[in-house]
Amino acid sequence: MVWSEAPKAVCVFLVLVSTIFADGQLDLHFFQNDYHLTIERSETSYYNKIYMKTASLVSFRYNRTIIAQNFTFRFNIDVGANLEVRFASNEYRYFPLRLGDRICRALDADSGGLKQMIGKCGNISDCMFFKDRTYHVCNAVPDESKLPPHIPSGRYMLEIEVSYGSIKLFVAKIYFAITRPEVK
Ligand SMILES: *[C@@H]1O[C@H](CO)[C@@H](O)[C@H](O)[C@H]1NC(C)=O
Ligand SMILES: *[C@@H]1O[C@H](CO)[C@@H](O)[C@H](O)[C@H]1NC(C)=O
Ligand SMILES: *[C@@H]1O[C@H](CO)[C@@H](O)[C@H](O)[C@H]1NC(C)=O
C-alpha cells in the first residue's frame, strides 16, 4: 500500500503549522467544511508495560459508512492532567518539529470533536487520570468539521504518541483517507 508521498506531506505539514500557529498562537479550535475524513483502521502499536497495564485501541465497522474506535486504557501511575500528545505522520518524521500539546487543551478546544466523542460513550468524565482505574472510550468517531483545514486529499497514516514527562506511554496509529466531492 502506498501512502501519501513526501512532497505532499511537506505541504500538509506547512499548512498545518501555519494554520495552527496563525497569529503566533497555538489555536486548537479548528473548523473546516471542504473535505471528508474516513478512518480506515486504527490500532495501538506500542504501550509502555512498566507504566501501563493496558492500552488497546480497536477499530470496527459501526454501520455501512462509518468505522468507529474503542479505546481502553489503564495506568500504573497517577498521570493526573499531565498527558501530552504529539502527532506525526511517517513522513513528518523527517522534520525536527512536531505538533504537540497537552491532551486537556485539545479536549478543551474540542479539537476533532474530542469532547463529544469522549462524552458520548465510555466513562471518562474529566481530564484527570489515576492509576489502577480502567478508562473506556467507545463508538468514537471524529467530527470532521473540527479538524484542521486544507489537508490535501489522499491516504495517510497518523501516529499519535502520548507521554507523561519524558516517559513515552503509548503510540496509536490511525490510517485514514481525506476525500473531497468531485467537481465536474
Ligand atoms: C451511521 O451512523 C452515523 C452516526 O450515528 C449516522 O449519522 C449515519 O447516518 C449512519 N449511516 C448509515 C448508513 O446508517
Ligand atoms: C469504567 O468502567 C469499567 C467497567 O466498565 C470499570 O471497571 C472502571 O472502574 C470504570 N472506570 C472509572 C474511572 O470509573
Ligand atoms: C466497542 O464498545 C461498545 C460499547 O461498549 C461495545 O458494544 C462493542 O462491542 C465494542 N466493539 C469492539 C469491537 O470492541
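## Ligand shells and strand pairing

The shell around ligand 3 splits into four nonpolar, two polar and no charged residues. Here Ala, Val, Leu, Ile, Met, Phe, Trp, Tyr, Cys and Pro count as nonpolar, Asp, Glu, Lys and Arg as charged, and the others, Gly among them, as polar.

Before going on, a word on the source: this is a predicted model, where local features need pLDDT of at least 70, side-chain atom pairs count only at pLDDT 80 or more, and totals for chains, interfaces and linings use all residues. Residues are numbered from 1 along each chain as its sequence is written, while chains are lettered from A and ligands numbered from 1 in the order in which they are written.

Here are the three shells; a residue is near a molecule if its C-beta atom, placed from the backbone, lies within 6 Å of it.

| Ligand | Residues around the ligand | Classes |
|---|---|---|
| Ligand 1 | Asn63, Arg64, Thr65, Ile66 | one nonpolar, two polar, one charged |
| Ligand 2 | Asn123, Arg133, Thr134, Tyr135, His136 | one nonpolar, three polar, one charged |
| Ligand 3 | Val58, Phe60, Asn70, Cys121, Cys138, Asn139 | four nonpolar, two polar, no charged |

Two strands stand out in the ligand 3 shell: S2 and S6 each supply at least two of its residues. Strands (E, at least two residues) and helices (H or I, at least four) are DSSP runs, numbered from the N terminus.

Now for the pairing, which calls for at least two DSSP bridges between two strands. S2 (residues 52-61) runs antiparallel to S3 (residues 67-75), with nine bridges between them. The two make a hairpin, with five residues in between, and Ser56 sits opposite Thr72 in S3. S3 also pairs with S6 (residues 134-140), again in the antiparallel sense, over five bridges. In that pairing, Phe73 faces Tyr135 in S6. Tyr135 turns up in the ligand 2 shell too.

Zooming out, the chain has three helices and eight strands. Read from the N terminus, the order of elements is α-β-β-β-β-β-α-α-β-β-β.

How much of the chain is buried? Buried residues come to 18% of the 184 residues, where buried takes 20 or more other C-beta atoms within 10 Å of a residue's own, with C-beta atoms placed from the backbone. As for contacts (C-beta atoms, placed from the backbone, within 7 Å), take those in the chain with a separation of 6 or more: 67% of them join residues 24 or more positions apart.

Technical notes. A residue is buried if 20 or more other C-beta atoms lie within 10 Å of its own, exposed if 12 or fewer, and partly exposed in between; C-beta atoms are placed from the backbone. Two residues are in contact if their C-beta atoms, placed from the backbone, lie within 7 Å.
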